[in-house]
Amino acid sequence: MSDQIKQIAERLRGLREVLDLTPEEVAESCQSSIEEYLGMESGEKDISVSALQKIARKYGIALDVLMFGEEPKMSSYYLTRCGTGVSVERTKAYKYQSLASGFRGRKVDPFIVTVEPKPEDTPIYFNSHEGQEFNLVIEGRMLLNINGKELILNPGDSLYFDSSIPHGMMALDGKTVKFLAVIM
């Protein structure tokens, strides 16, 4: 795992220890199995943004604290210049760039997500989380699977959906895809 994933894992473990909770309590409260949670906390398992978001909401902390180790400071506006947002690579093929990491009390979490192509036989990783999500393809093409329904999105295409429905995506045409994801 990357150093960034290890740092997120350390922050998860630190949060749990500060709150004096057992791994079982955190796993149960965030609707994940103990094995899945311990894998995240050890840095051995990929950590989805939706899992971090569940934990952050449950324990009343900013998502940025878990993802980037920084508390948001701005409350009137936060400017992110092109290519400068705080980023984290969850895996070598999946990168999130936060567009509002410094804004305190956000109602949504906007990210530029970059996904590298994978072999065609690679299974799609499905994810689900509370709320709604908006995706707008900026470059490349992607297949977005929502609960078994496959949709092809081209540059300029967007999709708004109930993110509690299992969803997953993959880059198409052997090329990188970049899209705006707004998680509400």
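## Serine 32 and its surroundings

Serine 32 sits in the loop that runs between helix α2 (23-29) and helix α3. The model described here is predicted. With a relative accessible area of 18%, serine 32 counts as buried, because the cut-off for that class is under 20%. Setting aside neighbours within four places in sequence, the contacts of serine 32 are Ala27, Tyr37 and Met40.

Two of these contacts, Tyr37 and Met40, appear among the buried residues of α3, together with Gly39 and Glu41. The buried residues of α3 pack against α1, α2 and α4 (49-58). Just after α3, glycine 43 has a positive phi of about 85°.

## Helix α1

How far apart are the end C-alpha atoms of α1, and what span should its 16 residues have? The expected span, at 1.5 Å a residue, is 22 Å, and the end C-alpha atoms are 22 Å apart, so the two values agree.

The buried residues of α1 include Ile5, Ile8, Ala9, Leu12, Leu15 and Arg16. These residues lie on the same side of α1, because they cover an arc of only 125° around the axis. Asp3, Glu17 and Val18 are on the other side of α1 and are exposed. Aspartate 20, just after α1, takes a positive phi of about 55°.

## Salt bridges

Side chains of opposite charge can pair when their charged atoms come close. How many salt bridges does the structure hold? The count is three.

One of them joins glutamate 41 to arginine 16, with the closest N and O atoms 2.7 Å apart. This pair links distant parts of the chain, since glutamate 41 belongs to helix α3 (residues 34-42) and arginine 16 to helix α1 (residues 3-18), 25 residues apart. Are glutamate 41 and arginine 16 buried or exposed? Both are buried.

Another salt bridge is formed by arginine 106 and aspartate 109, whose closest N and O atoms are 2.7 Å apart. Arginine 106 and aspartate 109 are both buried. In the salt bridge between aspartate 173 and arginine 141, the closest N and O atoms are 2.6 Å apart. That pair also links distant parts of the chain: aspartate 173 is in the loop between β8 (167-171) and β9, arginine 141 is in the loop between β4 and β5 (142-146), and 32 residues separate them. Arginine 141 has a relative accessible area of 29% and is therefore partly exposed, as values from 20% to 50% fall in that class.

## Strand β4 and its partners

Strand β4 (residues 132-139) runs antiparallel to strand β7 (residues 158-162), and five bridges join the two. Within this pairing, phenylalanine 134 stands opposite tyrosine 160 of β7.

Strand β4 is also joined to strand β9 (residues 177-183), here by six bridges, and the two strands run antiparallel. Which residue of β9 is the bridge partner of glutamate 139? The partner is lysine 178.

## The aromatic pair

The count of aromatic pairs comes to one. Tyrosine 96 and phenylalanine 111 form this pair, with 5.1 Å from centre to centre and 80° between the planes, an edge-to-face arrangement. The pair links distant parts of the chain, with tyrosine 96 in strand β2 (residues 94-98) and phenylalanine 111 in strand β3 (residues 109-115), 15 residues apart.

Are the two residues of this pair buried or exposed? Tyrosine 96 has a relative accessible area of 7% and is therefore buried, the cut-off being under 20%. Phenylalanine 111 is also buried, because its relative accessibility is 1%.

## Serine 164

Serine 164 lies in the loop between β7 and β8. Its relative accessible area is 41%, so serine 164 is classed as partly exposed. Leaving aside neighbours within four places in sequence, serine 164 is in contact with Ser128, His129 and Gly131.

How far is serine 164 from isoleucine 5? Their C-alpha atoms are separated by 24 Å, and the two residues are 159 residues apart along the chain. Isoleucine 5 is one of the buried residues of α1.

Notes
Residues numbered from 1 in each chain as written. Predicted model: local features only at pLDDT ≥ 70, side-chain atom pairs only at ≥ 80, totals over all residues. Heavy atoms only, no water. Pairing = 2+ DSSP bridges. Helix = DSSP H or I, 4+ residues; strand = E, 2+ residues; numbered from the N terminus. Phe/Tyr/Trp six-rings, centres within 6.5 Å; stacked < 30°, edge-to-face > 60°. Buried < 20%, exposed > 50% of the residue type's maximum accessible area, 1.4 Å probe, protein only. Salt bridge = Lys/Arg side-chain N within 4 Å of Asp/Glu carboxyl O. Expected span 1.5 Å × (residues − 1). Arc of directions from axis to C-beta. Contact = heavy atoms within 4.5 Å.
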